[in-house]
Each structure stands twice: as C-alpha cells, then as structure tokens.
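Please go through the sequence and the structure shown here before reading on. The text after them is a guided reading.

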Amino acid sequence: MTGYVYMMSDKPRGVLYTGVTSDIHGRAWEHRNGVKDGFTAKYRAKNLVWFELHPNIVLAIQREKSLKRYPREWKVRLVEELNPNWLDLFERIDEIENVYRPHPGMRKYGDYN
C-alpha cells in the first residue's frame, strides 16, 4: 500500500498542516469539505499545497514525523519548490509526480517489508 505525506494551507505562506494518508484523494476531499473537526477545519486550511508519494505507508509515516520536526521556513521552501504560487493541487493530484527520493545513506525500501 502506497502512502502520501501532504500539506494543507489556507493561503500562500499561511497556516500549514502536515498529514499522512494512504488515500490522498479522499483525505484531501475531507479537509476541503470540513468533514471532520480539527486543525484544518478550525484554521480553514482547505488547499492541498504539497504532497509526495512513498512506496509504502510505513515510510510515509516516518517522513511525516521527520517533516514535523523541521522549522516552518524549511517547510515553506519545500512547498514552493513544488508549488511556487501556492495553488490548490487537489484537481491535479494525478498529473503531478512528486515521489520521495531518500538520501543514498537511508535504509532501503525493502528493509521495511
């Protein structure tokens, strides 16, 4: 099962929410439509501004935890590398290929199976 790490925002350089899911379409839809109460509903972070694909959910969870430790400005730069205008990527999820490529010293994907 593949996994995605993603970021939602309310506006360019606004609130940032980082999450992980195995269903990026469904999860982004839930955020956009305020299906669940929580951070994104409270701060109106309805725009999918960044995401990356991982070969399995374990690696995606590991990456999400890592990203949450990084400073805000580092995450802003990460968003702007993929999406410089902070557009909502929801309609373009299937058009964008942003596969995570680990550092060569990282454990190999097969080590997690």
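What follows goes from the sheet to its hairpin, then to a residue inside the fold and the helices.

The model is predicted. Its sheet is open and consists of 3 strands, ordered β2-β1-β3, with antiparallel pairing. The edge positions belong to β2, residues 16-21, and β3, residues 47-54; each has a single partner strand, so one side of each lacks a neighbour in the sheet. From one strand to the next, the twist averages 20°.

Strand β1 covers residues 3-9 and pairs with β3 over 7 bridges, in the antiparallel sense. In this pairing G3 of the model is found opposite H54 in β3. The pairing of β1 with β2 is also antiparallel and runs over 6 bridges. Here Y4 faces T21 in β2 as its opposite residue. β1 and β2 form a hairpin with 6 residues between the strands, and in that hairpin R13 adopts a positive phi near 55°.

Which residues does M7 touch, leaving aside those up to four places away in sequence? M7 belongs to strand β1. Its contacts are L16, Y17, T18, N47, L48, V49, W50, L67, K75, L78 and V79. With V49, the C-alpha to C-alpha distance from M7 is 5.9 Å, although 42 residues separate the two in sequence. The relative accessibility of M7 is 0%, and M7 therefore counts as buried, the cut-off being under 20%. As background, side chains in a regular strand alternate between the two faces of the sheet.

Three of the residues in contact with M7, namely K75, L78 and V79, lead to helix α4. This helix spans residues 72-82, and its buried residues are K75, V76, L78 and V79. They lie on the same side of α4, because the arc they cover around the axis is only 160°. The general background is that an α-helix has 3.6 residues a turn, so residues three or four places apart point the same way. What do the buried residues of α4 pack against? Their partners are β1, β2 and β3, together with α3, residues 57-69.

Another helix, α1, comprises residues 24-32 and lies across β1, β2 and β3. Its direction is at about 20° to β1.

Taken together, the strands β1, β2 and β3 have α1 lying across them and are also packed against by the buried residues of α4. M7, in strand β1, touches residues that include L16, V49 and L78.

Notes:
Residues numbered from 1 in each chain as written. Predicted model: local features only at pLDDT ≥ 70, side-chain atom pairs only at ≥ 80, totals over all residues. Heavy atoms only, no water. Pairing = 2+ DSSP bridges. Helix = DSSP H or I, 4+ residues; strand = E, 2+ residues; numbered from the N terminus. Axes fitted to C-alpha atoms, helices over the stretch in contact; angles between N-to-C directions. Contact = heavy atoms within 4.5 Å. Buried < 20%, exposed > 50% of the residue type's maximum accessible area, 1.4 Å probe, protein only. Arc of directions from axis to C-beta.
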